[in-house]
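Thanks for coming. I will take the DNA contacts and then the symmetry. Please have the structure open while I talk.

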There are 2 protein chains.
Amino acid sequence: MNTFSEENYLKAIFRLSQMPDNKKISTSAIAEALGNNPASVVDMIRKLTDKQLIEYDKKKGVKLTTQGQKDAIQIVRKHRLWEVFLLEKLEYRWDEIHDIAEELEHIKYHDLADRLEKFLGFPEYDPHGDPIPKANGKMAKSFSASLADGKVGGSYRVAAVRDTSSEFLKYLHKLEINIGTQIKIIEQIAFDHSLIISIDNGEATTVSSKFGENILIS
Amino acid sequence: MNTFSEENYLKAIFRLSQMPDNKKISTSAIAEALGNNPASVVDMIRKLTDKQLIEYDKKKGVKLTTQGQKDAIQIVRKHRLWEVFLLEKLEYRWDEIHDIAEELEHIKYHDLADRLEKFLGFPEYDPHGDPIPKANGKMAKSFSASLADGKVGGSYRVAAVRDTSSEFLKYLHKLEINIGTQIKIIEQIAFDHSLIISIDNGEATTVSSKFGENILIS
DNA sequence: TTATAAAATTAGGTTTGCCTAATTTTATAA
DNA sequence: TTATAAAATTAGGCAAACCTAATTTTATAA
Ligand SMILES: [Mn+2]
Ligand SMILES: [Mn+2]
Ligand SMILES: [Mn+2]
Ligand SMILES: [Mn+2]
């Protein structure tokens, strides 16, 4: 079994490997993702390599092995299931659940994820719109098109959020944007790509391009 | 905040302090309770003393301070609430829940215990019959009379189990004994205090004195 | 009381997962 | 190409939470 820390590394590496940009997963990228020092990452790369959960090539960076990928997906599965639990059953707000799930995801016990999944009614997506892996590791593809890619005049359904920080989620909360909300792009400012949008047919609101990039649409 | 390990020590000390026998809480008793080496316990006694969570007197042993007691009770509260969740919502058997709760109890987040308690409908007792402390730290008294103290001919309701090991609970499961089961003492064997009992008016079964001591009745 | 056993403590060590500072390697830009 | 910057690694260290082995203290029993 893997330690809490090993699991957090596997999950971070998995997340980086899912990025659309397809950049190599470097020591510094992992350090950045976890808020650790690169020197610490070097230690852990060695450890996970010994455990055959990753492969490391200074040219190509870090890659999960089949086993490493499996392990990572099981943690993601638990993370997302617990998030559903926290939101739907314990009535936490969606900007609060991530941190708690960050701890709950590490709890290991036979069947725990499966029972939780059943109890929650086999949810397909977590509260941030991310697909929940099934017990066999299969998962739907994440949404990847962002509002920033949308056309002026187009109307889109919020399917997921790319950034799950509580700052961003609180901002969405303030704008009354949730998964399922309909957003129409009224105008795009040429200068800085800011978007003027209408939320659920409400009045025009201006948001930054960074904002638009972090809203995923379906 | 306290670490996982500190919390486990606090909980063990709390449990020892609740024992009816009123023995002093010694280094070796704590070591025994946690399965650790006495030398390690000495380290931790020092640490918890520095943190003012316990007081240590080589004559009188370890005692929780007011703060230490408060902290310990909050962990016990979470432990027992999670046990209810695991049994009632995830449908684990009562011999499985303890180990999982042993991990869940350490998860810290604002309101978590309170939300869980509300979600579960404010249960008074955990699945082993132990009282669940309220948010303010108040808790009902534990059951203390055991079946071994019962009279021949008497009929008693199983209120709690003293031993919560999976071995004991599996044995109870096999005998179809649960919280609420009615047990009649048909005879007590003078030789070794074995008990001949009838479970829910079923046929006579013989159990050991050790067994009788671990069934608490109301 | 004194010998013996048990309990507590000390001394020193290990593993895990971090860190800083220094150094080496690799990339990039003039 | 060579200087500079960035990235990766090494070296050494630290705190937490354990451990074993040795020693000291305390209890108990002859
Ligand atoms: Mn985590
Ligand atoms: Mn999520
Ligand atoms: Mn525990
Ligand atoms: Mn219990």
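A definition before the contacts: by a polar contact I mean a pair of N or O atoms within 3.5 Å. This is a predicted model, so local features are reported only where pLDDT is at least 70.

Start with DNA strand C. It is surrounded by 18 residues, and the closest are A:Thr3, A:Ser40, A:Lys47, B:Ser28 and B:Arg46. Of the strand C atoms that come within 4 Å of the protein, 77% are sugar and phosphate.

Where do the side chains of chain A meet phosphate oxygens of DNA strand C? At A:Thr3, a polar side-chain atom sits 2.5 Å from a phosphate oxygen of that strand. For A:Ser5 the distance from a polar side-chain atom to a phosphate oxygen of strand C is 2.9 Å. Chain B takes part too: an N or O atom in the side chain of B:Tyr56 is 3.3 Å from a phosphate oxygen of strand C.

In terms of secondary structure, at least two residues of the surface near strand C come from each of helix H1 (4-18) and H3 of chain A, and helix H2 (27-34) and H3 of chain B. By class, that surface has 6 nonpolar, 9 polar and 3 charged residues.

Now DNA strand D. Here 18 residues surround the strand, the closest being A:Ser28, A:Arg46, B:Thr3, B:Ser40 and B:Lys47. Sugar or phosphate makes up 76% of the strand D atoms within 4 Å of the protein, and the rest belong to bases.

Two contacts from chain A go to phosphate: polar side-chain atoms of A:Ser28 and of A:Arg46 each lie 2.6 Å from a phosphate oxygen of strand D. Which part of strand D does B:Asp43 reach? A base: a polar side-chain atom of B:Asp43 is 3.1 Å from a base nitrogen. Two or more residues of the surface near strand D come from each of helix H2 (27-34) and helix H3 (38-50) of chain A, and helix H1 (4-17) and helix H3 (38-50) of chain B. Its classes are 6 nonpolar, 9 polar and 3 charged residues.

Last, the symmetry. Chain A superposes on chain B by a rotation of 180° with 0.0 Å of shift along the axis, at an RMSD of 0.1 Å. Such a relation is that of a two-fold axis. The chain A residue that comes closest to the rotation axis is A:Leu104, with its C-alpha at 3.7 Å. Both copies use the same surface, since 100% of the contact residues of chain A recur in chain B.

Terms used. Residues numbered from 1 in each chain as written. Chains lettered and ligands numbered in written order. Predicted model: local features only at pLDDT ≥ 70, side-chain atom pairs only at ≥ 80, totals over all residues. Heavy atoms only, no water. Near = heavy atom within 4 Å. Polar contact = N/O pair within 3.5 Å; in protein donor to acceptor, adjacent residues only side chain to side chain. Helix = DSSP H or I, 4+ residues; strand = E, 2+ residues; numbered from the N terminus. Nonpolar A, V, L, I, M, F, W, Y, C, P; charged D, E, K, R; others polar. Least-squares fit on C-alpha atoms with pLDDT ≥ 70 in both. Contact = heavy atoms within 4.5 Å.
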